Amino acid sequence: MDNLDQAFLDAVELHSADQLRSCLDAGLDLHMPIRGRLPIQWMTAMYTRSDELANCLKLLLDGGGQLDDPAIEPVLLDDAPSLREAIRSGRLSIDHHTTLESAFTPLEGVSLLHVAAEFGNQNAARALVELGADVNARAATDEHGMGGHTPLFHTVNSNGNRAQPIMKLLLDAGARLDTQLAGVTWGKGFDWETTLFDVTPITYAQFGLLPQMHRNESDIYDNVRILLAAAGRHIPPLENIPNRYVRS
């Protein structure tokens, strides 16, 4: 891998629009795969979640890159006005389903709301809910019966707890807490791939405590409290957070 390719991957990891612009100026070919993925596929597949995704992605699109499913562009750009216009005009169905690689919760056979939830794109998520998107839409299941998760699963242990506002939005809109999956594979295809069984939104939130997920313990228990409250369940005292043994 040459220096330009590595510089691009570094820009993807940091969500650095400036570094990405430098790569494009240096001649990065958006139609040439890097380690098996096109540059725009690296941008959407990898693990960083931030407001800068839209700026980085727009640079690639303006430079001639193309999403595998162009219909989801306004969701990934968190562009609520364009998303509303596309749905109201009939150019995009509120029930549109798509598939793209994800470093965390799978995005296989998912709704637009799943995509917005995974990337923590609040404007797009809010627009979709207001337009009547099914907050309990199910992702596809594989030949082993794994998957079938709702958008809520993408929000309960998100990178940097970025999707917590969307978690609250979905709960307010009637997202079910009693959905139980046979299982789900988190980070499928990546070094941190982890298969989990008998999963509900609350148990999936708690899986954020696994070391490979790199989530903040206080954030995870804050989300668990919110989910338990939404389910009308009693919340016992949670006094050993952060865990003294782990931090000793």
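This report walks through helix packing, loop residues and backbone details in the structure above.

The model is predicted: local features need pLDDT of at least 70, side-chain atom pairs count only at pLDDT 80 or more, and totals for chains, interfaces and linings use all residues. Residues are numbered from 1 along each chain as its sequence is written, and side-chain values use heavy atoms, with hydrogens and water left out.

**Helices H8 and H9**

Helices (H or I, at least four residues) and strands (E, at least two) are DSSP runs, numbered from the N terminus. Let us begin with a helix pair. The axes of helix H8 (residues 122–130) and helix H9 (residues 164–172) come within 10 Å and cross at roughly 10°. H8 is therefore roughly parallel to H9. Axes here are lines fitted to C-alpha atoms, for helices over the stretch in contact, and angles run from 0 to 180 degrees between N-to-C directions. Angles under 35 degrees count as roughly parallel, over 145 as roughly antiparallel, 65 to 115 as roughly perpendicular and the rest as oblique.

Which residues make the contact of H8 and H9? On the H8 side they are Gln-122, Ala-125, Arg-126 and Val-129, and on the H9 side Pro-165, Ile-166, Leu-169 and Leu-170. Contact means heavy atoms within 4.5 Å. Sorted by class, the contact of H8 with H9 has 6 nonpolar, 1 polar and 1 charged residues. In that scheme Ala, Val, Leu, Ile, Met, Phe, Trp, Tyr, Cys and Pro count as nonpolar, Asp, Glu, Lys and Arg as charged, and the others, Gly among them, as polar.

The buried residues of H8 are Ala-124, Ala-125, Ala-127, Leu-128 and Val-129. Buried means under 20% relative accessible area, exposed over 50%, and partly exposed in between (1.4 Å probe, protein chains only). The buried residues of H8 pack against helix H5 (73–76), helix H6 (80–88), H7 and H9. After H8 comes Gly-132, with a positive phi near 100°.

**Helix H11**

Helix H11 (residues 217–230) has 14 residues and reaches 20 Å from its first C-alpha to its last, close to the 20 Å expected at 1.5 Å a residue. The expected span is 1.5 Å times one less than the number of residues in the helix. Buried in H11 are Ile-220, Tyr-221, Asn-223, Val-224, Leu-227 and Leu-228. These residues cover an arc of only 155° around the axis, which puts them on the same side of H11. The arc is that of the directions from the helix axis to the C-beta atoms. The buried residues of H11 pack against H9 and helix H10 (201–206).

**Loop residues**

The table places a few loop residues and gives their relative accessible area.

| Residue | Loop | Relative accessible area |
|---|---|---|
| Gly-120 | between helix H7 (112–119) and H8 | 4%, buried |
| Thr-179 | between H9 and strand S3 (181–186) | 7%, buried |
| Asn-161 | between H8 and H9 | 13%, buried |
| Thr-200 | between strand S4 (194–199) and H10 | 16%, buried |
| Tyr-47 | between helix H3 (39–45) and helix H4 (53–62) | 26%, partly exposed |
| His-214 | between H10 and H11 | 70%, exposed |

What do these loop residues touch? The contacts below do not count residues up to four places away in sequence. Thr-179 touches Arg-138, Thr-150, Phe-153, Val-199, Thr-200 and Pro-201. Thr-200 in turn touches Phe-153, Leu-177, Thr-179 and Gln-180. Gly-120 is in contact with Arg-162, Ala-163 and Ile-166. Tyr-47 is in contact with Glu-13, Ala-103, Phe-104, Asn-159 and Trp-192.

Two C-alpha separations can be added. Tyr-47 and Met-146 are 99 residues apart in sequence and 21 Å apart in space. Gly-120 and Pro-242 are 122 residues apart along the chain, with 25 Å between their C-alpha atoms.

**Backbone details**

Asn-161 has a positive phi near 55° in a residue other than glycine. His-214, also not a glycine, has a positive phi of about 55°. Finally, the peptide bond from Ile-241 to Pro-242 is cis, with omega near 0°, and Pro-242 lies in the loop between H11 and helix H12 (244–247).
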